[in-house]
Amino acid sequence: MATLIPITDPADERLGDYVRLRDVSLRRSLEAEQGLFIAEGEKVIRRACEAGYEPRSFLLAERWIAGLRPILDRLDVPVYVVDEALAERVTGFHVHRGALASMKRATRWSMAELLDARRLVVCEDIVDHTNVGAIIRCTAALGWDGVLLAPRAADPFYRRAVKTSMGAVFFLPWARMDDWAGGLGTLKRAGFTVAAMALRADDVTLDEFAADLAAEPRKVALLMGTEGSGLSSHWLAQADVVVRIPMARGIDSLNVAAAAAVACYTLREGAPGHRR
């Protein structure tokens, strides 16, 4: 059974895992060295525990203890009970849900294990944690098999990514690419059609590519580029097809997570017109 420990001092050393959660550089260093990530909110904490991730500790306002009691009763870890004002002082932001957990990281999947998939989203250097979390969430929700991340893409276990994904990072297979320069070649050798979301003179619309897949079903790796400059020329040159979402009213693009959602829905297996 977890141990309830009331804490009133924001400088208490036992709260070290939760200090300054808004400071990205601090968190990256701490989380890499300690091998931890932060789950925020009762629902996300539940999903992390249900997925088999092991808690180090909890930081909870008292009102959340009863709801999490079935989880807490199975664990032998400290539960730091604080008021929400103290939680805000420790973390550096308003913990509006009043529930945090420090969880032990675990590498669940490798790139090699994702090569048997039928549908993958591949993110090149997407550095915004919210966008990475949203992409993982829509990939899971729309029935795709997993996400591959280039080495410089944001950490799916960073608090904002976990929160935005609503815990999808815990059960959707995702992995870092082994080799940015040669990774797309690996996907092609595994039978994937590499489709780049971008603008180019020879691009096709999303609907045109969907019709092509309906006529000739095959594996797809969908490339999504960084928020500013899009896909690198190195990756774009290796794409089998360049795909665009037609825009209206003078809008030239969508947010990368929104574009991923549209593409995942349109290109999903089992969509109308698709044969399995």
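How many positive and negative side chains does the protein chain have, and how far apart do the centres of the two sets lie? Keep that in mind as you look around; what you have open is a predicted model.

**Stop 1: the whole chain.** Show everything as a cartoon. You should find 11 helices and 12 strands in the protein chain. The radius of gyration is 21 Å, close to the 19 Å that the globule rule gives for 276 residues, so the chain is as compact as a globular protein of that length. Turn the C-alpha trace along its principal axes and it spans about 65 × 35 × 35 Å.

**Stop 2: the charges.** Colour the charged side chains to get back to the opening question. There are 35 positive and 36 negative ones, and the centres of the two sets lie 3 Å apart.

**Stop 3: surface and inside.** Switch on the surface: about 12,600 Å² of the protein chain is accessible, and 51% of that belongs to carbon and sulfur atoms. Of the 276 residues, 52% count as buried. Now think about contacts between residues at least 6 apart in sequence: 78% of them join residues at least 24 apart.

**Stop 4: Val262.** Select residues 256-267, which make up helix α11, and pick out Val262 there. Is Val262 buried or partly exposed? Its relative accessibility is 32%, between the 20% and 50% cut-offs, so Val262 counts as partly exposed. Next, show Leu206, Ile245 and Leu254: Val262 touches these, leaving aside residues up to four places away in sequence.

**Stop 5: over to Cys123.** Finish by drawing a C-alpha to C-alpha distance from Val262 to Cys123. The two are 139 residues apart in sequence and 15 Å apart in space.

Methods. Residues numbered from 1 in each chain as written. Predicted model: local features only at pLDDT ≥ 70, side-chain atom pairs only at ≥ 80, totals over all residues. Heavy atoms only, no water. Helix = DSSP H or I, 4+ residues; strand = E, 2+ residues; numbered from the N terminus. Rg over C-alpha atoms; globule rule 2.2 N^0.38 Å. Buried < 20%, exposed > 50% of the residue type's maximum accessible area, 1.4 Å probe, protein only. Contact = heavy atoms within 4.5 Å. Areas by Shrake-Rupley, 256 points an atom, 1.4 Å probe, with all protein chains shown as cover. Lys, Arg positive; Asp, Glu negative; His and termini not counted. Charge placed at Lys NZ, Arg CZ, Asp CG, Glu CD.
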